[in-house]
Amino acid sequence: MQPEINTFAVERIITPKGNRKGINFKGFFHSFTGYKKHIALTIMFLPVAVYFIIFRYIPMYGLTMAFKDYKFSLGILGSPWNGFENFERIFAFQTFYRALRNTVVISLLKLVAGFPMPIILAIVLNEVRHLKFKKVVQTVSYLPYFLSWVVLAGVFIQLFSPSTGVVNYVLGMFGIEPIYFLGDNAWFRTTMVVTHIWKDIGWGSIIYLAAITGLDLSMYEAAICDGANRFQRIWHITLPCILPTITVLLILNIGHLLDAGFDQIFNLYNSAVYETSDIIDTYVYRIGLNDMRYSIATAVGLFKNVIGFFLVVSTNYISRKISDSGVW
């Protein structure tokens, strides 16, 4: 059975750019008839499309509040426009700069310390030959990812308690004074980074393990015949082969540079550590829901998303120039 040819695509390829007379609507119609032929797949896709339309695209209209003097009694449509006045206000707040600084610092710490950890874990697990031990390690490392930060916050508050916590009890056995991990600005960021790595390292390693298991084993066999030891095989075969996967995930992580982890920090921080823990997301929560300044909160959120978009595009561009690998 011969595969169907998209005549519209073929015409676009073989026709010189200067001689193209317009859009071939027959080609468009031919493309859309594919949905009819695969009606089962189309029906399966519809709930996903409806979800994104209702919960992702329609709410984007609320971004107009960033350019309005929003009044609850007037609603979004009835509230007057005020241009960029809300953005001028947020750049005049010192608390906004504190939240921006904390967001960048915490995100960079998580990226630098946390991003390599799943790669290392995946490589180590791939080298383990004892299958039962390997499965146990995988299960134990994956499990924390499926627990919410609401649950884990209660656990960590008890573990890091300066009076009754297990961590400080162990430190006390070595003569170390109790440390206020969640109440001291000097320790809060470190605690966030360590707990973040512990929670996500197992789940993040799944993608790298999948990439490693798809590699051609003959490359390793040839390297063994040439006398390469295990570390050399990892350095010269495993890492270069999974580099495109690492690049894509790095780009996506950089795009979330201003997402320092709202769930984690909101459930673990307190007013005593605002100086080092208050991030953009918690700042938006307080001024938006607590202070009911919805226009200001929307402007801060829009600023964050625009920066995230710029980071993804610029990082992808640099990656394509350097390594020819990217998201698109």
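This section describes the fold composition, nonpolar cores, salt bridges and surface features of a predicted model.

The protein contains 18 helices and 0 strands. Of its 328 residues, 36% are buried. Among contacts with a separation of 6 or more, 62% are between residues 24 or more positions apart. The exposed area of the protein is about 20900 Å², and carbon and sulfur atoms supply 69% of that area. The disulfide count is 0. Two of the cysteines may be placed by accessibility: C225 is exposed, with a relative accessible area of 71%, and C241 is partly exposed at 32%.

The largest nonpolar core comprises 21 residues, of which F115, I119, Y208 and I246 touch the most other members. Two or more residues of this core come from each of helix 7 (116–127), helix 11 (185–213) and helix 14 (243–255). Helix 11 gives the most, with 6 residues. Beyond its neighbours within four places in sequence, Y208 contacts F115, P118, I119, A122, T245, I246 and L249. A second core, separate from the largest, has 17 residues, including W149, I179, F181 and L268.

Side chains of opposite charge can pair when their charged atoms come close. In the whole structure, 9 salt bridges are found. One of these joins R98 to D278, with 3.2 Å between the closest N and O atoms. R98 is in helix 6 (residues 94–114) and D278 is in the loop between helix 16 (274–277) and helix 17, so this pair ties together parts that are 180 residues apart in sequence. R98 and D278 are both buried. A network of salt bridges links these two residues with R286.

Another salt bridge is formed by the side chains of R230 and E127, at an N to O distance of 3.2 Å. Here R230 belongs to helix 13 (residues 230–241) and E127 to helix 7, and the pair links parts of the chain 103 residues apart. The two partners fall into separate accessibility classes: R230 counts as partly exposed because its relative accessibility is 43%, whereas E127, at 14%, counts as buried.

D259 and K304 also form a salt bridge, in which the closest N and O atoms are 2.4 Å apart. D259 is located in the loop between helix 14 and helix 15 (262–268) and K304 in helix 18, a separation of 45 residues. D259 is partly exposed, with a relative accessible area of 33%, and K304 is buried, with a relative accessible area of 11%.

On the surface, a nonpolar patch of about 1200 Å² is made by F45, V48, V50, Y51, F52, I53, I54, F55, Y57, I58, M60 and L63. Among these residues, V50 is found in helix 3 (residues 39–57). V50 has a relative accessibility of 42% and therefore counts as partly exposed. Patch members need over 30% relative accessible area.

Backbone geometry was also examined. Most residues other than glycine have a negative phi. In M292, a residue other than glycine, phi is positive, with a value near 60 degrees. M292 is placed in the loop between helix 17 (280–290) and helix 18 (294–323). At 51% relative accessibility, M292 counts as exposed, the cut-off for this class being over 50%.

Notes: Residues numbered from 1 in each chain as written. Predicted model: local features only at pLDDT ≥ 70, side-chain atom pairs only at ≥ 80, totals over all residues. Heavy atoms only, no water. Patch = residues over 30% accessible without salt bridge, like charges linked within 9 Å, V, L, I, M, F, W, Y side chains within 5 Å. Areas by Shrake-Rupley, 256 points an atom, 1.4 Å probe, with all protein chains shown as cover. Salt bridge = Lys/Arg side-chain N within 4 Å of Asp/Glu carboxyl O. Helix = DSSP H or I, 4+ residues; strand = E, 2+ residues; numbered from the N terminus. Buried < 20%, exposed > 50% of the residue type's maximum accessible area, 1.4 Å probe, protein only. Contact = heavy atoms within 4.5 Å. Disulfide = S-S within 2.5 Å. Core = buried A, V, L, I, M, F, W, Y, C linked by side-chain atoms within 4.5 Å.
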